[in-house]
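Q: Please take a close look at a single part of this structure. Start with that part, then show me what lies around it.

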Amino acid sequence: MAEKTNISICLGSSCFAHGNNINLKFIQDYLKENNLNADVDFKGQLCSGLCGEGPIVTINDEVYKGVDKIKLAEILDKTFKHQ
């Protein structure tokens, strides 16, 4: 069985207010639309400690900073199109 992709989204107040509130829904919708829910461990986390560089999304231990919906779409496409 293939290993699951791990996605973690910072839900600390700074990241949440600066866009992860939107990114959270975007990721949920992306996973559902692409039938990826069973292949992904998606969770929220408290403050990642990178408040000045947020919103923060981590995929398989790679930290993405300053993530907006456009950047997030590119990251998710790159992550899942190469598996």
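A: What follows looks at helix α1, then at the sheet and the loops around it.

First, some ground rules. This is a predicted model, where local features need pLDDT of at least 70, side-chain atom pairs count only at pLDDT 80 or more, and totals for chains, interfaces and linings use all residues. Residues are numbered from 1 along each chain as its sequence is written, and side-chain values use heavy atoms, with hydrogens and water left out.

Now the helix. Helix α1 covers residues 13-33. Helices here are DSSP runs of H or I with at least four residues, strands are runs of E with at least two, and both are numbered from the N terminus. How far should the 21 residues of α1 span? At 1.5 Å a residue, the expected span is 30 Å. That expected value is 1.5 Å times one less than the number of residues. The end C-alpha atoms of α1 are 28 Å apart, which agrees.

Yet α1 has a kink. It is about 75° and is centred on G19. Such a bend is the angle between two axes, one fitted to the seven residues ending at that residue and one to the seven starting there.

Next, which residues of α1 are buried? They are C15, G19, N20, N23, I27, Y30 and L31. So G19, the centre of the kink, is on this list too. Buried means under 20% relative accessible area, exposed means over 50%, and partly exposed is in between, using a 1.4 Å probe and protein chains only. An α-helix has 3.6 residues a turn, so residues three or four places apart point the same way.

The buried residues of α1 pack against β1, β2, β3 and α2 (69-81). Contact here means heavy atoms within 4.5 Å.

Three of those partners belong to the sheet. The sheet is open and has four strands in the order β2-β1-β3-β4, with mixed pairing. The edges are β2 (40-45) and β4 (62-64); each has a single partner strand, so one side of each is left without a neighbour in the sheet. From one strand to the next, the twist averages 20°. Two strands pair if DSSP finds at least two bridges between them. Strand β1 (residues 5-10) is joined to β2 by six bridges, and the two run parallel. Two of the partnerships can be named. I9 is bridged to G44 in β2, and T5 to V40 in β2. Strand β1 is mostly covered, with five of its six residues buried.

Helix α1 packs on this sheet, touching β1, β2 and β3 (57-59). Its direction makes about 150° with that of β1. Axes are lines fitted to C-alpha atoms, for helices over the stretch in contact, and angles run from 0 to 180 degrees between N-to-C directions.

Not every residue of α1 is buried. K25 is partly exposed, at 48% relative accessible area. D29 is partly exposed as well, at 28%. K25 and D29 form a salt bridge, with their closest N and O atoms 2.9 Å apart. A salt bridge is a side-chain nitrogen of Lys or Arg within 4 Å of a carboxyl oxygen of Asp or Glu. Both residues lie in α1, four residues apart, about one turn of the helix. Side chains of opposite charge can pair when their charged atoms come close.

The whole structure holds two salt bridges. E53 and K65 also meet in one, at 3.1 Å from N to O. That pair links distant parts of the chain, twelve residues apart: E53 is in the loop between β2 and β3, and K65 is in the loop between β4 and α2.

Finally, where does the chain go after α1? The loop between α1 and β2 contains N35. N35 has a positive phi near 50°, and it is a residue other than glycine. N35 is exposed, with a relative accessible area of 67%. A38 lies in this loop between α1 and β2 too. A38 is exposed at 58%.
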